[in-house]
Amino acid sequence: MPRRRMKQKFSRLLSNLHFSLTLRIAIHFARQLLNTTFFMLVTVTLILIIAQVPTVNQTLDALGAIKPDLPRQYSAEQMRGLAATNAYLLEEPLPSTLKGFIAKIKLAFARFAPAQTPYVQIYADSPEGPLVAVFSLEYWLQVYTLLFWALLCLDLYRAVYFLRYRNRLNKKVLKPIADMAAAAAALSANNLSNRFSIEGTKNELKDLASVINQMLDRIERSYNSQKQFVSDASHELRTPIAVIQGYASMLERWGKTDKAVLDESISAISQETTGMKELVERLLFLARHDKKTLMLEMEVFDPTEVMSSVHRDAKLLSVAHHFELQLLGNAIIRGDKGMLKQLMRILVDNAIKYTPAGGHITLAMGAEGENCILSVSDTGEGISSEELPRIFDRFYRSDQARQVQSSGHGLGLSIARIIVVAHGGTLNVRSKIGVGSTFSVRLPISREARG
Ligand code: ADP
């Protein structure tokens, strides 16, 4: 089986075993160490060989300069002080194949040297003739053996240490994860404010903790706004229910005999139920939007039609205001006609509500570049710059609005904005206290119409 496949099989086997994280880390490091031990030994060998070159050359030069005492063999006396163990003069000349320094080095076992000792034979030409010098590797072998066992023992010690103290190490290594698990376990719908501590955790865990914290921030914000929504909605529904309850008990006591009480109660109950119906419809619209089940029936049409119809209805809604419709340009848009009508009605209703009797309300339609602009301007009370950023929030009503207008729940503009955004447009407002307000809807002109 090829080595790579065996390696893959081994890795798969390891990953299938349910080792603890610390043990996995230990095994990983042990394997790494074995790999590096091998490379370290090769590197050390190369360095040693290179370091020995000058000494070997010196030895060969020294041997060439002296004549052997014994027949063809240098005596122990002559070898003293030299790096080589033995040296011999050869009878025949060096074979022509032995070219270059490396070719002249031979690693061999016990031919000229003591038995079982590895040695290096180096051939060289000298003034005395071709010679071979024998360098024993016994010392280096001992050094290598020592080094190898030292590294192996260290590795084994580490593996045993990991095995023996794995529970303690697991706890220590996995402490940040355990802390995070404990913090996560303490989270509940009523306690979403717990955050993971980032200080103690390092690197990847720090990133993980801060990503989870950001996610919790988002969940908490959304959960709080849902909670706020439910509480605001119940609050809005409580008032009309209380009013209806009041009139019902009035009817029960005096309604059967007093015609005036009867008429007043019927009209009040009818007014409150209309308001409640509108509120419930708006709440359902927002719920559909939040659940992402809001459906748009898109069609390509000229908004002039919508503007004229809203203008017509507005005149019926209030006789106390002056209405004007300005058609300043042509544009064809793609959108849900019913929803755009609802959007314009919200803006016109507000203009009527917040503009004193006798004021002017202008509906305008125009085109600007790639956009169609639909706007509603009034000469009403205006909105202060502090309030402007908040008027699109759900259930937001200015104090002034609450005093002047009892009708309304602060949901109109948030619905208006949802409709505009769903059409890929923008809703802007310009307003000045005491002068009036202009709400402008910018919608993209339909490409289909532009051809
Ligand atoms: P509602 O009208 O039911 O209170 P909206 O969401 O439609 O709720 O409007 C939010 C607030 O914005 C209003 O309470 C009012 O303070 C302000 N507002 C909206 N339209 C106008 C306007 N045309 N002129 C002055 N203030 C306005």
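Colleague: In what order do the five strands of the open sheet lie, and what kind of pairing do they show?

Modeller: In this predicted model, the order across the open sheet is 6-8-9-11-10, and the pairing is mixed. Strand 6 (322-327) and strand 10 (426-432) are the edge strands, and from one strand to the next the twist averages 15°.

Colleague: Why are strand 6 and strand 10 called edge strands?

Modeller: Each of these two strands pairs on one side only, and that is what the word edge refers to here.

Colleague: How do you know that strand 10 and strand 11 count as paired?

Modeller: Pairing asks for at least two bridges between two strands, and seven bridges join strand 10 to strand 11 (residues 436-444), so the two count as paired. They run antiparallel, and serine 431 stands opposite serine 437 in strand 11.

Colleague: Which helices lie against these strands, and at what angles do they run?

Modeller: Helix 9 packs on the sheet, where it touches strand 6, strand 8 (360-368) and strand 9 (371-378), and its direction makes about 170° with that of strand 6. Helix 12 (residues 412-422) lies across strand 10 and strand 11, and runs at about 140° to strand 10.

Colleague: Why is glutamine 78 called buried?

Modeller: Buried means under 20% relative accessible area, and glutamine 78 has 15%, so this residue of helix 3 is called buried. Leaving aside residues up to four places away in sequence, glutamine 78 touches Ile66, Lys67, Pro68 and Asp69.

Colleague: Why is arginine 72 called partly exposed, while lysine 292 is called exposed?

Modeller: The partly exposed class lies between under 20% and over 50%, and arginine 72, at 39% relative accessibility, therefore falls into it. Lysine 292 reaches 73%, which is over 50%, so lysine 292 counts as exposed. Arginine 72 is in the loop between helix 2 (21-65) and helix 3 (76-79), whereas lysine 292 is in the loop between helix 8 (259-290) and strand 5 (299-301).

Colleague: What is noted about phi in arginine 72 and in lysine 292?

Modeller: In arginine 72 phi is near 65°, a positive value in a residue other than glycine, and lysine 292 has a positive phi of about 60° although it is not a glycine either.

Colleague: What makes the space beside Val310 and Asp313 a cavity, and which helices line it?

Modeller: A cavity is a set of points where a 1.4 Å probe fits but cannot get out. The largest cavity has a volume of about 30 Å³, and its lining is made of Val310, Asp313, Ala314, Leu317, Arg345, Val348 and Asp349. Helix 9 (304-317) and helix 10 (337-353) each supply at least two residues of that lining, and helix 9 gives the most, with four residues.

Colleague: How many residues of each class line the largest cavity, and how many line the second largest pocket?

Modeller: The lining of the largest cavity has four nonpolar, no polar and three charged residues. The lining of the second largest pocket divides into 17 nonpolar, three polar and no charged residues. This pocket has a volume of about 590 Å³, and of the 20 residues that line it, the closest to its centre are Ile49, Gln52, Val120, Leu137 and Trp140. The largest share of the pocket's lining, six residues, comes from helix 2.

Methods. Residues are numbered from 1 along each chain as its sequence is written. This is a predicted model: local features need pLDDT of at least 70, side-chain atom pairs count only at pLDDT 80 or more; totals for chains, interfaces and linings use all residues. Side-chain values use heavy atoms; hydrogens and water are left out. On a 1 Å grid over the protein atoms alone, a cavity is a set of points where a 1.4 Å probe fits but cannot get out, and a pocket is an open set with protein on both sides within 12 Å along at least five of seven lines; lining residues have an atom within 4 Å of a point. Grid points are joined across faces, edges and corners, and a volume is the space filled by probe spheres set on the points. Ala, Val, Leu, Ile, Met, Phe, Trp, Tyr, Cys and Pro count as nonpolar, Asp, Glu, Lys and Arg as charged, and the others, Gly among them, as polar. Axes are lines fitted to C-alpha atoms, for helices over the stretch in contact, and angles run from 0 to 180 degrees between N-to-C directions. Contact means heavy atoms within 4.5 Å. Buried means under 20% relative accessible area, exposed over 50%, partly exposed in between (1.4 Å probe, protein chains only).
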